[in-house]
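Student: I should like to learn how to read burial, cysteine pairing and empty space from a set of coordinates. Could we work through an example together?

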Amino acid sequence: MDYKSSLIQDGNPMENLEKQLICPICLEMFTKPVVILPCQHNLCRKCANDIFQAANPYWTSRSGSVSMSGGRFRCPSCRHEVIMDRHGVYGLQRNLLVENIIDIYKQECSSRPLQKGSHPMCKEHEDEKINIYCLTCEVPTCSMCKVFGAHKACEVAPLQSVFQGQKTELSNCISMLVAGNDRMQTIITQLEDSCRVTKDNSHQVKEELSQKFDVLYAILDEKKSELLQRITREQEEKLSFLEGLIQQYREQLDKSTKLVETAIQSLDEPGGAIFLLSAKQLIRSIVEASKGCQLGKTEQGFENMDYFTLNLEHIADTLRAIDFGTDEEEEEFIEEEEEDQEEEEATEGKEEAHQ
């Protein structure tokens, strides 16, 4: 179904149009300027800049003194990776069509009279609408409950002010959680790159080691197999650690994404009272989830394997006793050679003296 036909079939086309003009980050109507991502989704420029800065913390703005080549982030609607040049979000094209539609929509809304919608009624006083919020009990209620009912000793506030406050708080929590998800996705990508580099480095070290051992294969065949097994064990340990981290981050990302979807669905609830029945617990869940778990990270140079590199420019007898990081036997062999050479020189000196 296209955009026009969906508006016609909807019973309230203006309400449906408003949903199409909501930014997926701030969950408010787009603010100028509106930018178009390569995936054709729209964002407020400020929201696009916020998630770009969150995904690229070391990128500076146009007024900064450090020059960067660009950066990347993921579209909050479809997770498509957006690659930016050195201009950042200011290099994105503005969506003038959406901006014009927003102007027309606001003009139309300002000229239309307010319509009364369905409103939940108090269970204790069936003829009274729920129009206030009990701050003490943290539940919406009616004026009669405050005057004569169970909440007459409680502190209350206007329903609309509490509704707007908690809706704003939930929107901020969602933005924070989306930014955290982008950071976790960046870490997952980095860990996957570490897996690739670790595999490449392990392969390179194996090839170099094989080429050197092939020169003296007859002597080094047994030692070659032993060292290759050690490198493989090291590779498997590192890959197992990295893959475990990736799995942890993916699980955390999946939980956070599902929580974002639940929160966005809650924001679509037009009724303040119905919204407030679940908003408090939902906000607590999001704040708890945004803290995240203390997941591990790799140290710098974790994927390096160059400490297995060997210098095999030695004689065959030295190679028979060589090992990674062990040179005591080599020194003993050199000392024995020096002693033999001194004995030979002393013998030659004696023979010359006799002559």
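The dialogue below takes up a helix, the cysteines, a cavity and a pocket in turn.

Tutor: Please keep in mind throughout that this is a predicted model.

Student: Let us begin with helix H3. Which of its residues are buried?

Tutor: First, the general idea. An α-helix has 3.6 residues a turn, so residues three or four places apart point the same way. In H3, which spans residues 45–55, the buried residues are Arg-45, Cys-47, Ala-48, Ile-51, Phe-52, Ala-54 and Ala-55.

Student: What covers the buried residues of H3?

Tutor: The cover includes five strands, E1 (34–36), E2 (42–44), E3 (71–74), E4 (81–84) and E5 (93–94), together with helix H6 (159–215).

Student: How many disulfides are there?

Tutor: The test is a distance: two cysteine sulfur atoms must lie within 2.5 Å. Applied here, it gives a count of zero disulfides.

Student: Why does Cys-154 form no bond with Cys-134?

Tutor: The sulfur of Cys-134 is the closest cysteine sulfur to that of Cys-154, but the 3.7 Å between them is too far for a bond.

Student: How do Cys-154, Cys-173 and Cys-137 compare with the solvent criterion, buried or exposed?

Tutor: Cys-154 counts as buried because its relative accessibility is 12%, under the 20% limit. Cys-173 is likewise buried, at 7%. Cys-137, at 41%, counts as partly exposed.

Student: Where does Cys-137 lie, and what does Cys-137 touch?

Tutor: Cys-137 sits in the loop between strands E6 (132–134) and E7 (139–141). Leaving aside residues up to four places away in sequence, Cys-137 touches His-151 and Cys-154. The C-alpha atoms of Cys-137 and His-151 are 8.2 Å apart, with their positions 14 residues apart along the chain.

Student: How is empty space found, and which residues line the largest cavity?

Tutor: Rolling a probe the size of a water molecule over the atoms shows where empty space is left. In this model there is one cavity of 30 Å³ or more. The largest cavity holds about 50 Å³, and its lining consists of Val-205, Glu-208, Leu-209, Lys-212, Phe-308, Thr-309 and Leu-310. By class, four of these are nonpolar, one is polar and two are charged.

Student: What surrounds the second largest pocket?

Tutor: This pocket, of about 670 Å³, is lined by 24 residues, with Arg-183, Thr-186, Ile-187, Thr-189 and Gln-190 nearest its centre. H6 gives the largest share of the lining, eleven residues. The lining comprises seven nonpolar, seven polar and ten charged residues, and both domain 1 (13–57 + 70–111) and domain 2 (168–297) contribute at least three residues each.

Notes: Residues are numbered from 1 along each chain as its sequence is written. This is a predicted model: local features need pLDDT of at least 70, side-chain atom pairs count only at pLDDT 80 or more; totals for chains, interfaces and linings use all residues. Side-chain values use heavy atoms; hydrogens and water are left out. Buried means under 20% relative accessible area, exposed over 50%, partly exposed in between (1.4 Å probe, protein chains only). Helices (H or I, at least four residues) and strands (E, at least two) are DSSP runs, numbered from the N terminus. Contact means heavy atoms within 4.5 Å. On a 1 Å grid over the protein atoms alone, a cavity is a set of points where a 1.4 Å probe fits but cannot get out, and a pocket is an open set with protein on both sides within 12 Å along at least five of seven lines; lining residues have an atom within 4 Å of a point. Grid points are joined across faces, edges and corners, and a volume is the space filled by probe spheres set on the points. Ala, Val, Leu, Ile, Met, Phe, Trp, Tyr, Cys and Pro count as nonpolar, Asp, Glu, Lys and Arg as charged, and the others, Gly among them, as polar. Domain bounds come from an automatic or database domain assignment.
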